[in-house]
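Keep the sequence and the 3D view open side by side. The walk below goes from one end of the chain to the other, with stops along the way.

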Amino acid sequence: ISGRASAIPKARDGNVEMIRVLRVARNSAIKARVAAIVQLKATIVSAPAGLRGDLAGIDKAALVDRCARFRVARTGEGHLDSTTSATKAALKTLARRVRSLDDEISGLDSDLGYLVEATAPTLVSLFGVGTDVAGQLLVTAGDNPERLKSSAAFAHLCGVAPVPASSGRTTRHRLNRGGDRHANAALYRITLCRLRHDDTTRAYRARRAAEQKSTQDIIRCLKRYIAREVYQAIRADFQISP
């Protein structure tokens, strides 16, 4: 209000805003699906013995499929005739809810896959970066990533900038607990993927471990490096001049 603020806010008028709102819908659908599956399994635990025995030891996909196909016994007036029938009706409703949410998520994934690939092909081409991770990093950067003047600024935004924690004769840095924790988690997933499957990253870990670096410190360093790589890829995708 005073006119002294220097930060540039995110723009909300492009593909990244489209990705953001679709991710909101997708995340809520995933949470609802998890809740429905938990409720379905909890209902089985307290189901009548015969029904509980029939459903024991079945994996999740087969369980949902079987419950969705239940036939519910009713009286001549159309009312449920027993606790087993009521339990089957509840399980059938929950299983069909899971199926419906599966369809929702699949449709949103298709839309997100197209948008993310069209918006940031360079970012998606990086090792360990999939649609979900790329979508989160794009949402963090916004539709106008040129407002982030350096990779250090992007690292601070993602909470991966090193924080000095030296004392006495010890010189070290600690993990950064600030920034966008969703972006931080996305960088962490890239790091874990590379530690498992990328030879260069594994060689770096071995070299730093030989220098008596802890696993936490190694991951911290890797996330900072990956943040720099992601920042450069986003600038390339948005055609921002150096």
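Helices here are DSSP runs of H or I with at least four residues, numbered from the N terminus. The model is a predicted one.

Start with proline 9. It sits in the segment before H1. Is proline 9 buried or exposed? Its relative accessible area is 61%, over the 50% cut-off, so proline 9 is exposed. Leaving out residues up to four places away in sequence, proline 9 touches Asn144 and Arg147. Now look toward glutamate 229. Proline 9 and glutamate 229 are 220 residues apart along the chain, and their C-alpha atoms are separated by 23 Å.

Next comes H1, which covers residues 15-45. Its 31 residues should span 45 Å at 1.5 Å a residue. The end C-alpha atoms are 45 Å apart, so the expected span and the model agree. Which residues of H1 are buried? They are Val16, Glu17, Ile19, Leu22, Arg23, Arg26, Ala29, Ala36, Ile37, Leu40 and Ile44. Charged side chains are on that list too, including Glu17, Arg23 and Arg26. The buried residues of H1 pack against four helices: H2 (49-55), H3 (60-68), H4 (83-119) and H6 (131-141).

Valine 38 also lies in H1. Valine 38 is exposed, because its relative accessible area is 52% and the cut-off is over 50%. Alanine 236 is 198 residues away from valine 38 in sequence. In space, the two C-alpha atoms are 43 Å apart.

Move on to H6. How many of the 11 residues of H6 are buried? The count is 9, so H6 is largely enclosed by the rest of the structure. The buried residues are Val133, Ala134, Gly135, Gln136, Leu137, Leu138, Val139, Thr140 and Ala141. What covers them includes H1, H4, H5 (121-124), H7, H8 and H10. H1 thus appears from both sides: its buried residues pack against H6, and H1 is among the elements covering H6. Glycine 142 follows H6, and its phi is positive, near 90°.

H7 (residues 151-158) is the next stop, along with H10 (residues 215-237). Their axes come within 9 Å and cross at roughly 115°. The crossing is right-handed. On the H7 side, Ser151, Ala152, Phe154 and Ala155 make the contact. On the H10 side, the contact is made by Arg224, Ala227, Arg228, Val230, Tyr231 and Ile234.

Now turn to asparagine 184, in H8 (residues 181-197). With a relative accessible area of 6%, under the 20% cut-off, asparagine 184 is buried. Where do its side-chain polar atoms find partners? One of them lies 2.9 Å from the backbone oxygen of glycine 159. The side chain of asparagine 184 also makes a polar contact of 3.0 Å with the side chain of lysine 223. Beyond neighbours within four places in sequence, asparagine 184 is in contact with Cys158, Gly159, Val160, Asn176 and Lys223.

Cys158 leads to the cysteines. A disulfide is a covalent bond between the sulfur atoms of two cysteines. How many disulfides does the model have? The count is 0, by a rule that asks for sulfur atoms within 2.5 Å. For cysteine 158, the nearest cysteine sulfur is that of cysteine 221, 16 Å away. Cysteine 158 is buried, because its relative accessibility is 0%. Cysteine 193 is in no disulfide either, and the nearest cysteine sulfur, that of cysteine 158, is 18 Å away. At 24% relative accessibility, cysteine 193 counts as partly exposed.

Finish with two glutamines. Glutamine 212 is in the loop between H9 (199-210) and H10. Its phi is near 70°, a positive value in a residue other than glycine. Glutamine 212 has a relative accessible area of 69%, so it is exposed. Glutamine 239 lies in the segment after H10. Its phi is positive as well, near 55°. At a relative accessible area of 73%, glutamine 239 is exposed.

Methods: Residues numbered from 1 in each chain as written. Predicted model: local features only at pLDDT ≥ 70, side-chain atom pairs only at ≥ 80, totals over all residues. Heavy atoms only, no water. Buried < 20%, exposed > 50% of the residue type's maximum accessible area, 1.4 Å probe, protein only. Polar contact = N/O pair within 3.5 Å; in protein donor to acceptor, adjacent residues only side chain to side chain. Contact = heavy atoms within 4.5 Å. Expected span 1.5 Å × (residues − 1). Axes fitted to C-alpha atoms, helices over the stretch in contact; angles between N-to-C directions. Left-handed = near helix turned anticlockwise from the far one by under 90°.
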